[in-house]
Amino acid sequence: MSRNEKIIRKIQGLLKIAEDERNDEECQAAFLLAQKLMIQYQISQAEINIETTDKESILEKETKDFKKSFWWEKKLAAIIGTNFRVKSFLKSRGRKSTIVFYGFQNDVLLAEEMYVLACDALRVHAQQFVQDYYSARYYYLNRDRTLTNELKNDYMNGFLEGLRQKFKEQYAVLSQKYELMCLVPTEVEDAFKEKMSNCKVAHCSLPDLIHEAAFKEGYQQGFEIDFTKRTLAKGSEVYG
């Protein structure tokens, strides 16, 4: 079996897992493994024997129910979109909204899977950080809503920046081996541009940095996390 045939079979198997067993732990693999899959998929696009409609069908998929959207959800969606060959935008209904991914079917399904997993991990890690912060100062510091929000915002911002840097460094390594990067396909870019031609541009305002130590802690964990779903039981355990 040639090297290309092995690559094709590997990609087909991973795509099948992403489509048919999306709740299985194996599907929720590390971000870096999924990123490598998408890069290989782009390089071997003409050789992969999958349904043509799966590749050519451009769709949009809402990630969650309509609700109040937070700044960190928008920032995370942008990071996922950049690294999983899709576009993201905010769809609104009155005062509620939801994150939407737009692109080829397989890309959208994988991007949504990673987005949901990252949201869960980020929430749990941020909650644990705040809890540890107060526990270490229980003898002189009472819980305060303003302080809690500041700590959580700074930690989450750092976590997302760490995740962004993780992707940037991985790109640098992979670019030495592969000729092409996992860019959003031209067909998706063109269709998205036309779709958004009459839509309003929504800007994401980030909270001001107040607690640098919280940001640094978030950055470190965002950079190091592997996103394998080992533990997230009843909100008491965190991803490691």
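Which residue is the bridge partner of Glu 60 in β3? The legends below take us there.

**View 1. Strand β1 meets strand β3.** In this predicted model, local features need pLDDT of at least 70 and side-chain atom pairs count only at pLDDT 80 or more, while totals for chains, interfaces and linings use all residues. Residues are numbered from 1 along each chain as its sequence is written, and side-chain values use heavy atoms, leaving out hydrogens and water. Strand β1 (residues 58–62) pairs with β3 in the antiparallel sense over five bridges. Here Tyr 102 of β3 is the bridge partner of Glu 60. Strands are DSSP runs of E of at least two residues, numbered from the N terminus, and two of them pair if DSSP finds at least two bridges between them.

**View 2. The hairpin of β2 and β3.** Strand β2 (residues 87–93) runs antiparallel to β3, joined by seven bridges. One pair of bridge partners is Ser 92 and, in β3, Ser 97. Two residues lie between the strands of this hairpin, and Gly 94 in the turn has a positive phi of about 65°.

**View 3. Strand β3 in its surroundings.** Eight of the nine residues of β3 are buried (under 20% relative accessible area, 1.4 Å probe, protein chains only), so β3 is largely enclosed by the rest of the structure.

**View 4. Residues around the second largest cavity.** A cavity is a set of points on a 1 Å grid over the protein atoms alone where a 1.4 Å probe fits but cannot get out; lining residues have an atom within 4 Å of a point. Strand β3 (residues 96–104) gives the most to this lining, with three residues. Among the lining residues are Thr 63, Asp 65, Glu 73 and Tyr 115.

Technical notes
On a 1 Å grid over the protein atoms alone, a cavity is a set of points where a 1.4 Å probe fits but cannot get out, and a pocket is an open set with protein on both sides within 12 Å along at least five of seven lines; lining residues have an atom within 4 Å of a point. Helices (H or I, at least four residues) and strands (E, at least two) are DSSP runs, numbered from the N terminus. Buried means under 20% relative accessible area, exposed over 50%, partly exposed in between (1.4 Å probe, protein chains only).
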